[in-house]
Amino acid sequence: MSDVTRAKHGRPVHHWRRDVVELAALFTAVAVADAVANLVGHGPHGPRLLVISAAALVATAAFHLWWSRRHGHAPPSGDTDARPPSSEVQAGPSELPDGVAGESTLWRMRTTVKDAPGSLAALCTALAEHRVDILSLQTHPLGEDTVDEFLLRAPGSLAAGGIGRAVALAGGSGTWIERADAHDLVDAPTRVLGLATRTALDAAELPLALRQLLGRCTIRSLPAAVRGGARGPEGVPVEGVLEDTVMRLRAPEGGVITVERPYLPFTPTEFARARALVELDARLGPRVPPGQDVLTLPEGNAITVRRADPGDLGAAKEMHERCSPRTLGMRYHGPVGDADRYLNHLLSPRFGRTLAVQTPSGRIVGLGHLLWDGDETEVALLVEDDWQRRGIGAELLGRLVAMAVEAGCESVYAVTQASNTGMVAAMRGLDLPLDYQIEEGTLVITARLDAAAAGTRQAYGRHGERIVRD
């Protein structure tokens, strides 16, 4: 609007001087038009002037068209989203291509700003200018700076680079962005309480709870003593140790839990939350959720499948004594005499989950292990010789894979030998994409737990119990 300006409250304000000037211009234009009409209609050269005027109008239009095609009317490249992403934006591995315009995308973002009045307001204003909705916000004070963690809903056409540039211009630094999903919509206190509940019910949930609490990270549990009497890892204080991208916490059984996240430093708030979960686990002690499932084998024998714990150590050693050296050698890939030394580690819920197959007399005839191995997950089976080739291995493996799917694992791997046809057949029976690799004379089979695992997840419950539907 040319005749108004706007006051601070947004209402238009009129100026009488502008009204007088525009009115005078209107009268002048009418007088000029009347004079031209009289000249064309009554003058001796009226038709010639009319043709000349039409030619001049056509020439002006042609020149305007040529000029617009040469220079264009697009905004400068600095106002588009075509610039390369800012070096301050570290998009996580889960970043996907840009969404479709009109849709929205969830993002998790963390950035550092100065701990000064107005810094957070400037950041929020910059996001609002790009139509980015802030769903949740957590602040982590760090002395002179503050780490702000956001859950954002942005237009689908806005890429991570566009968000990062807006944040950088608003004063954010060290910005990290990755795609989020619907699970991140739960507020932080509710999520922490849920993780604490899972840890309280099952000691094997601690590494998974820490990973969900801290995001993409590598968690390793080191025992207090190493096999063979060697010295174990150096202990840590009761309060733990925080070193930038690494935190070390005292494990409940006396070892060390190491959590590493190379792409993003931990904050004191995250360290305190992780330490609280570990302390809760230590106070509750070793525990395994109750429950068992009675199955009937094809030949009619009944077996019971349940979670195992360190209390089954004696029965597991007796099963080792009944197994042949060949069976133990295929399972442990080493001297048969060392097999019993692994059982304390395998049966501990601190390092994974173990399923036991038990006869009506109480004798254990099979063990299946799901072991947390840093970023990876291993599955291992041992079935007593007299109970092999009856479907017990396939039953155990299906339940272990269901647990891995529930835990959010991307894949599971089994270390075996090419001659172990039973294990190879059981892995193939999962009907999942498999990768084969030979490492130091052993066969490593990796199953990718993608959408094909949905059927396995439906067939088994959270703790591996089979769900039978009519």
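A residue counts as buried when its relative accessible area is under 20%. With that cut-off in mind, the tour of this predicted model can begin.

**First stop: strands β14, β15 and β16**

Select residues 376-383, which make up strand β16. Seven of the eight residues in β16 are buried, and the strand is therefore mostly covered. Next, add residues 364-373, which form strand β15. Here, too, most of the strand is covered, with nine of the ten residues of β15 buried.

The two strands run in the antiparallel sense and are paired over eight bridges. To see one of these contacts, select L371 together with its bridge partner in β16, E378. Then move to the hairpin that joins β15 and β16, where two residues lie between the strands. In this hairpin, G374 has a positive phi near 65°.

Now select residues 352-358, strand β14, which pairs with β15 in the antiparallel sense over seven bridges. Which residue in β15 is the bridge partner of G352? The partner is L371, the residue already seen opposite E378 of β16. The hairpin of β14 and β15 has five residues between its strands, and G362 in the turn has a positive phi of about 95°.

While the strands are displayed, one general point is helpful: in a regular strand, side chains alternate between the two faces of the sheet.

**Second stop: the hairpin of β5 and β6**

Select residues 133-142 for strand β5 and residues 145-155 for strand β6. Nine bridges connect this antiparallel pair. At the end of β5, L142 stands opposite D145 of β6. Two residues separate the strands of this hairpin, and G143 in the turn shows a positive phi of about 75°.

**Third stop: an open sheet of four strands**

Turn to the sheet whose strands follow the order β8-β11-β10-β9, with antiparallel pairing. Which strands stand at its edges? They are β8, residues 218-222, and β9, residues 241-243. Each has a single partner strand, so one side of each is left without a neighbour in the sheet. From one strand to the next, the twist averages 15°.

For a closer view, select β8 with strand β11, residues 256-260. These two strands pair in the antiparallel sense over five bridges. Within this pair, L222 has V256 of β11 as its bridge partner.

**Fourth stop: helix α3 and two cysteines**

Select residues 119-129, helix α3, and find A122 within the helix. A122 is partly exposed, because its relative accessible area of 32% falls between the limits of 20% and 50%. Add A170 to the selection: A122 and A170 are 48 residues apart in sequence, yet 5.8 Å apart in space from C-alpha to C-alpha.

Then select C124 and C217. Is each of them buried or partly exposed? C124 counts as partly exposed, at 26% relative accessibility, whereas C217 counts as buried, at 4%. The count of disulfides in the model is zero.

**Final stop: the largest pocket**

To find the largest pocket, select D181, D184, R211, Q212 and G215, the lining residues that lie nearest its centre. The lining comprises 48 residues in total. By class, 16 of the lining residues are nonpolar, eleven are polar and 21 are charged. The space within this pocket amounts to about 1700 Å³.

Technical notes: Residues are numbered from 1 along each chain as its sequence is written. This is a predicted model: local features need pLDDT of at least 70, side-chain atom pairs count only at pLDDT 80 or more; totals for chains, interfaces and linings use all residues. Side-chain values use heavy atoms; hydrogens and water are left out. On a 1 Å grid over the protein atoms alone, a cavity is a set of points where a 1.4 Å probe fits but cannot get out, and a pocket is an open set with protein on both sides within 12 Å along at least five of seven lines; lining residues have an atom within 4 Å of a point. Grid points are joined across faces, edges and corners, and a volume is the space filled by probe spheres set on the points. Ala, Val, Leu, Ile, Met, Phe, Trp, Tyr, Cys and Pro count as nonpolar, Asp, Glu, Lys and Arg as charged, and the others, Gly among them, as polar. A disulfide is a pair of cysteine sulfur atoms within 2.5 Å. Buried means under 20% relative accessible area, exposed over 50%, partly exposed in between (1.4 Å probe, protein chains only). Two strands pair if DSSP finds at least two bridges between them. Axes are lines fitted to C-alpha atoms, for helices over the stretch in contact, and angles run from 0 to 180 degrees between N-to-C directions.
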